[in-house]
Amino acid sequence: MAERMGLEGLRILIAEDNLFAALELEQTLRAFGCQPVGPVARLDQAMILALHEELDGALLDVELQGQLVFAVAEELRRRHIPVIFASGYGTDDIFPAAFAQYPRLPKPFGEDDVRRALTAIVAGRSGA
């Protein structure tokens with residue numbers, strides 16, 4: 001099924017500071033046939049991976065331990081790596097204009113939500 005969705009083998013960065021959510025995302029990505037990179041819980045860790053890892057996409061929690069993740073997203077955008085933001089925020093107030101149209105997974109989200117978002121960025125419809 002993962003191959004049919006075009007997700008097989010994709011290297012997806014996970015930046016999430018909630019351990020349970022991070023492990024669940026990792027498990028979900030593996031079930032899709034993806035290769036999770038991370039998970040990481042700190043902004044500096046996410047930036048190192050964004051700068052140096054070969055990635056096909058990223059799932060970024062908007063806030064990692066109190067720090068907004070947009071600098072990491074900017075580096076990924078510079079590298080033409082699609083980004084999906086995960087957020088418990090209900091408003092657009094914190095999103096810079098450059099990322100206003102990027103896909104978002106409102107928390108809590110399920111496996112189907114992750115699948116749809118990943119399939120959309122793989123299809124080139126958003127986030128790069």
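Which strand is P39 found in? Let's work through that and a few more on this predicted model, where local features need pLDDT of at least 70, side-chain atom pairs count only at pLDDT 80 or more, and totals for chains, interfaces and linings use all residues. Residues are numbered from 1 along each chain as its sequence is written, and side-chain values use heavy atoms, with hydrogens and water left out.

**Exercise 1. Place P39 and P108, and check the peptide bond before each.**

Step 1: P39 is found in strand β2. Helices (H or I, at least four residues) and strands (E, at least two) are DSSP runs, numbered from the N terminus.

Step 2: G38 and P39 are joined by a cis peptide bond, with omega about 10°.

Step 3: P108 sits in the loop between β7 (104–106) and α5. A cis peptide bond links K107 to P108, with omega about -5°.

**Exercise 2. Describe the largest pocket and its lining.**

Step 1: Start with the term. On a 1 Å grid over the protein atoms alone, a pocket is an open set of points where a 1.4 Å probe fits, with protein on both sides within 12 Å along at least five of seven lines; lining residues have an atom within 4 Å of a point. Grid points are joined across faces, edges and corners, and the volume is the space filled by probe spheres set on the points.

Step 2: The largest pocket holds about 170 Å³ of space. Its lining includes F20, E24, K107, P108 and V114.

Step 3: Two or more lining residues come from each of α2 (19–31) and α5 (111–122). The largest share, five residues, belongs to α2.

Step 4: Sort the lining by class: six nonpolar, two polar and three charged residues. Here Ala, Val, Leu, Ile, Met, Phe, Trp, Tyr, Cys and Pro count as nonpolar, Asp, Glu, Lys and Arg as charged, and the others, Gly among them, as polar.

**Exercise 3. Check the span of α2 and find its buried face.**

Step 1: The expected span is 1.5 Å times one less than the number of residues. For the 13 residues of α2 that gives 18 Å, and the end C-alpha atoms are 18 Å apart, which agrees.

Step 2: A22, L25, E26, T28 and L29 of α2 are buried. Buried means under 20% relative accessible area, exposed over 50%, and partly exposed in between (1.4 Å probe, protein chains only).

Step 3: Looking down the axis, the buried residues of α2 fall within an arc of 165°, so they line one face of the helix. The arc is taken over directions from the helix axis to the C-beta atoms.

Step 4: On the other side of α2, L19, F20, Q27, R30 and A31 are exposed. The cover over its buried residues includes β1 (11–15), β2 (35–40), β3 (57–61) and α5.

**Exercise 4. Work out the surroundings of L13.**

Step 1: L13 lies in strand β1 and, at 0% relative accessibility, counts as buried.

Step 2: Beyond neighbours within four places in sequence, L13 has contacts (heavy atoms within 4.5 Å) that include V37, A46, G57, L60 and L76.

Step 3: L13 and G57 are 44 residues apart along the chain, yet their C-alpha atoms are separated by 6.4 Å.

**Exercise 5. Follow α4 (residues 70–78) to the residue with positive phi after it.**

Step 1: F70, V72, A73, E75 and L76 are the buried residues of α4. They pack against β1, α3 (43–52), β3, β5 (67–68) and β6 (83–87).

Step 2: H80 follows α4, with a positive phi near 60°. H80 is a residue other than glycine and, at 64% relative accessibility, counts as exposed.
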